[in-house]
Structures are given as structure tokens and as C-alpha cells.
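Colleague: I would like to go through this model with you. Give me the value, then the rule, then the conclusion.

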Amino acid sequence: MNAVSRLIGRLELPLAAALGALHAQVFVHTGAWLVQLLCVALLAWRVQEAAPRRAALLGWVFGSAWVGTGTWWLFVSMHRYGGLPAPLAVIAVVLLALAMGLYLGVAMGLFARWRRGRTVPDALLWAALWLLAELGRGVLFTGFPWLASGYAQVDAPLAVLAPWVGVYGIGAAAALLAALPVLAARAGPRALALALAGVAVVLGLSAASGPAAFTLGHGTLRVSLVQTNVAQDEKFAVEHLPGALAWLRQALMQARGDLVVAPETAIPLLPSQLKDFDPRYWDSLRDHFEHSPKSALIGVPLGDFENGYTNSVLGVSSHTASGAPYRYDKVHLVPFGEFIPAGLRWFTNLMQIPLGDFDRGPLNAPSFNTLGQRLAPNICYEDLFGEELAQRFQEPTLAPTVFVNLSNIGWFGPTVALPQHLNISRMRALEFQIPMLRSTNTGITAVIDEQGRVTAQLPAFTRGTLDATVQAREGVTPFAWWAAHGGLWPLLLAALGTIVLVLARVRRA
């Protein structure tokens, strides 16, 4: 027995890394959501008896492998398209993963220090600390919530919790259900059986009940979502611009939908550059949509050297004919790609990324009111931040009826970043119970309904237009209400309150 224990001890760090790597795969293959619960359960098995330092190390290894294997595609953007030497790009990805893994490492170390050997209190403590780790990773230093654990449950029974507690709440619930049987096993076979039965009942009832309906139909909309499929290394190349822009104009003008959407930086030129290229290009598009029953949302960079640059969306319709087009400026910018963190300009200078420093737009931006709908654009990875999108629901009568995501993740090539981002958008649709339209450069262009189901999509890395019909929705979910008024503070206070109550109750006992 001692020999077995020593062997397990020698292998537990590689095991933690393997579990973290396996855990990351579920964010693409979401039908395997039970695998996520198993990975978290096995981590709990090793942490529950470890000393605090060892538990912290196990959590750090698991978390680093989780983030590193799930976001290795950052290497593609930095090396292939950014021109950063391969060794430096690898080091950058590894350092990011190690830094992001620290959140879980601290959480596991605190669990080992505060656990009391009682099943239910320890399970609640585990879930609360897991939630704190994810909130920290998702908020601090502009936040990196990609692969927040709740996204792996988008096709699981726990997805019914989305309109109530959002992706972070789902992640905490999954962590609780995963750890409960492991922690109960210490009390014997009967306790283990009861815990397993309890988990099965919760999952079964969640699957049987289905999501509560908080929004109502608000009419249908025929949409045309353009997928330009311009390779990232050709996007700003002078020799490729004429053909790409000509195809885009033709696709926009010939689109059959009432709403036509072109992806992030579909027009990759600033206004002054576009005029030099073709003085009539923008005017021809604007004339077309302002004198027709159709509306369009088009991704384009705006600004100049004196006033700064923005990553923006312009909206044109008959309602904008007498004034300026609707404008949405991206709020949550990508570090290094769209803004340069203090003291790290030297790193950005190593990469060949144009327009690497943008200005931010207003957080609670107005919707594009057209075709009887309130369309709320968001650009690229802004749809990771549900608490920020929720700000648009502060006034229910002005709340969006459709989300529109305009993305260009051609930076990451044919990698798992594409299906991961699709599942992120699906979770946003579940949280707010309104549809999400996705118009992307290389994929995945899709229509997602209010239940997070993909109802239509284009194959990735193809040029074309997706024509579909979407039902708009009106209403405010519980998540949308509390996140609009309190951001993520309710979850933070719930986690801290749980920890305080558990520790106080155990000490009194």
C-alpha cells in the first residue's frame, strides 16, 4: 500500500497536467461534458488530502495545462501573422498559461488550508473558491475569461442555470457536483452512494425541466451574414485589397436579407485610406442601403492620428439617410492586438500588427434601431464578457432584441479557437435568451437562437453569405437584470459569503 501511495505521489503532477489538458478539450467537444466533471473530481481527489503547498502546486499545474492546451492557437497569431520569432511566441503562450493557472493554484492552496473534513461544508468551500479563481481570471488585468469552466456545460443539463447565474455560476455548480462524491467518499460507501445519487438527481431534474422562458418573441428578421474569408496575411496587402473589397461590395449589395452584416474590419482601411483607394466606395454602399428597405452593419476601423483610432461598426439604413450612420466602437480591447499594456510596448514592437493601439467606446452603447428591432453589436471577443453586455439591459424598454457579433479570428488559423468562440456566443444567447448573429471573416458564421442552438451556419474558411431567418426576443432574464445593476459583484459576494459562513459554522461546531 505504501508503494502504491508513493507511486501515485510521483505521478500526481503529470496526472494534474493531463487532467487539465483533457479538461480543455471539452470546450470544443461540449457533448462530453461529463469528462469535465470527471477531471475536476480527480483533481479534488488529489487535493483533498494534500498539504496546502502541494495542493496549490496541483491546482497551478492543472490550471496552466487547462489554459495552455486550450489557447495554444495564440502562437499562430503571434508567430505566423505577428512575425514574432517562434521561440518567443512559445514562451509567451507558456508564460500566459502559467500566469492564468495561478488563480486556480491559489484557490486549491486555500482549500487545503481551510478544509475541515466534513462533506457538505468542504464541497461548498471548494465551489466558492473555484468561483473566486474564475472571477479573478476573468476580471483582473482586463480579464482573460476564455475557457471559463461553465462554457464546457453549454450542452449539459446545467445549461438551464445560464439565465439565472451566467457562465461563472454554472462553472461553480459543476465544480460542486464534481467534488461532492469525492469528498463524501471519505465518510464511507453509504455517504458516497448518497452523494452520487444526489448528483444524478440534480442533473436529471435539470435535463427534464429545461430552461425557464424569460423572453418573448419580437418578430422575425431575414438576415444575410457575410463571411469574407480573407487570409490574415492578405488582409492589409495592397495587391489583394482591390479584389477583396470588390467582392465585399458585391456581396453586400446583392444580399437578400433585410439585415446584412459584414465582419470585423471587413473594410480594413481607415476612411482617409478608403477615399484614396476608391472615392465612391463608401458612398455607393451608403446610397444602396439608405434608399432601400434593407439595413447593414459593417465592420471598419475609424479615426486618424490626431483623434485616435477605434475598432468600429457602422450601421446604415433608410433611418440614417438624413444624418450620420449608426456607430458602435469596441469597448473591451484585446491586449497587444488593440491596446498596449503599460511597460510592454517593447513586446508589441516585436510583432508586425497594424493599428495596435485603439481607443475604447462607451460601455452602455445604444442599439441600432432598425427593421423594428434593437440590434446590439459586439466585436470579436467582447462576447466573452456577459457582465458588460448586460449593461445594455439596464432599461428594459431599450434592451436589445438581437445580439450581433462581428469577428475576425483569422488571426488564429484553422484551430480550435473557432468552435470555442462559437460556444462562447451560444452561452451568451442562453444567458440573455435572445439570439446571437455571428458574421466572421474565416468562421464560424452562424445564427444562434435564444436557447443557444445553432440554427444555421457556414463552413469555416469559405467565402459566402449565410441567408437565414431569426426570431428576435424581448425581455430580461434574471442574469441580465442583476448583472446590469451589479456586474459580477453578486457572484463575488456570494462566493465570499459562502466561505465565511462555512468556516464560521465549522469552527462553532
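Colleague: How many disulfides does the structure hold?

Modeller: Zero. A disulfide here is a pair of cysteine sulfur atoms within 2.5 Å. Note that this is a predicted model, where local features need pLDDT of at least 70, side-chain atom pairs count only at pLDDT 80 or more, and totals for chains, interfaces and linings use all residues. Residues are numbered from 1 along each chain as its sequence is written, and side-chain values use heavy atoms, with hydrogens and water left out.

Colleague: What makes Cys39 buried?

Modeller: Its relative accessible area is 1%. Buried means under 20%, exposed over 50%, and partly exposed in between, with a 1.4 Å probe and protein chains only. So Cys39 counts as buried. Cys380, with 11%, is buried as well.

Colleague: What share of the chain is buried?

Modeller: Buried residues make up 57% of the 509 residues.

Colleague: How do you know that the chain agrees with a compact globule?

Modeller: The radius of gyration is taken over C-alpha atoms, and the globule rule is 2.2 Å times the number of residues to the power 0.38. For 509 residues that gives a value near 23 Å; the chain has 24 Å, so it agrees. The C-alpha atoms fill a box of roughly 80 × 50 × 35 Å along the principal axes.

Colleague: How many helices and strands does the chain have?

Modeller: There are 16 helices and 12 strands. Both are DSSP runs numbered from the N terminus: helices are H or I with at least four residues, strands are E with at least two.

Colleague: Why is strand S3 called largely enclosed?

Modeller: S3 spans residues 295-304, and eight of its 10 residues are buried, so the rest of the structure largely encloses it.

Colleague: Which strands pair with S3, S2 in what sense and S4 in what sense?

Modeller: Two strands pair if DSSP finds at least two bridges between them. Strand S2 (residues 259-262) and S3 have four, in the parallel sense. Val260 has Ala296 in S3 as its bridge partner. S3 and strand S4 (residues 308-316) have nine bridges and run antiparallel. There, Gly303 stands opposite Tyr309. A hairpin of three residues joins S3 to S4.

Colleague: What is the order of the open sheet of six strands?

Modeller: S6-S7-S8-S9-S10-S11, with mixed pairing. S6 (368-370) and S11 (454-457) are the edge strands, as each pairs on one side only. S10 (residues 446-448) and S11 pair antiparallel over three bridges. Ile448 has Val454 in S11 as its bridge partner.

Colleague: What makes Phe62 and Trp66 an edge-to-face pair?

Modeller: Rings of Phe, Tyr and Trp (its six-membered ring) pair if their centres lie within 6.5 Å; planes under 30 degrees apart are stacked, over 60 edge-to-face, and the rest tilted. By this rule the count comes to 16 aromatic pairs. Phe62 and Trp66 have 6.1 Å centre to centre and 80° between the planes, an edge-to-face pair. Both lie in helix H3 (residues 52-70), four residues apart, about one turn of the helix. Both are buried.

Colleague: Why is the pair of Phe393 and Phe432 called stacked?

Modeller: The centres are 4.9 Å apart and the planes at 20°, so the pair is stacked. It links distant parts of the chain: Phe393 is in the loop between helix H13 (386-389) and strand S8 (402-407), and Phe432 is in helix H14 (residues 417-432), 39 residues apart.

Colleague: How do you know that a charge sits over the ring of Trp45?

Modeller: The rule asks for NZ of Lys or CZ of Arg within 6 Å of the ring centre and within 35 degrees of the ring normal. The charged end of Arg46 sits over the ring of Trp45, 4.6 Å from its centre. Arg463 sits likewise over the ring of Trp247, at 4.7 Å.

Colleague: Is Phe141 buried or exposed?

Modeller: At 75% relative accessibility, Phe141 counts as exposed. Its phi is near 55°, a positive value in a residue other than glycine. Most residues other than glycine have a negative phi.
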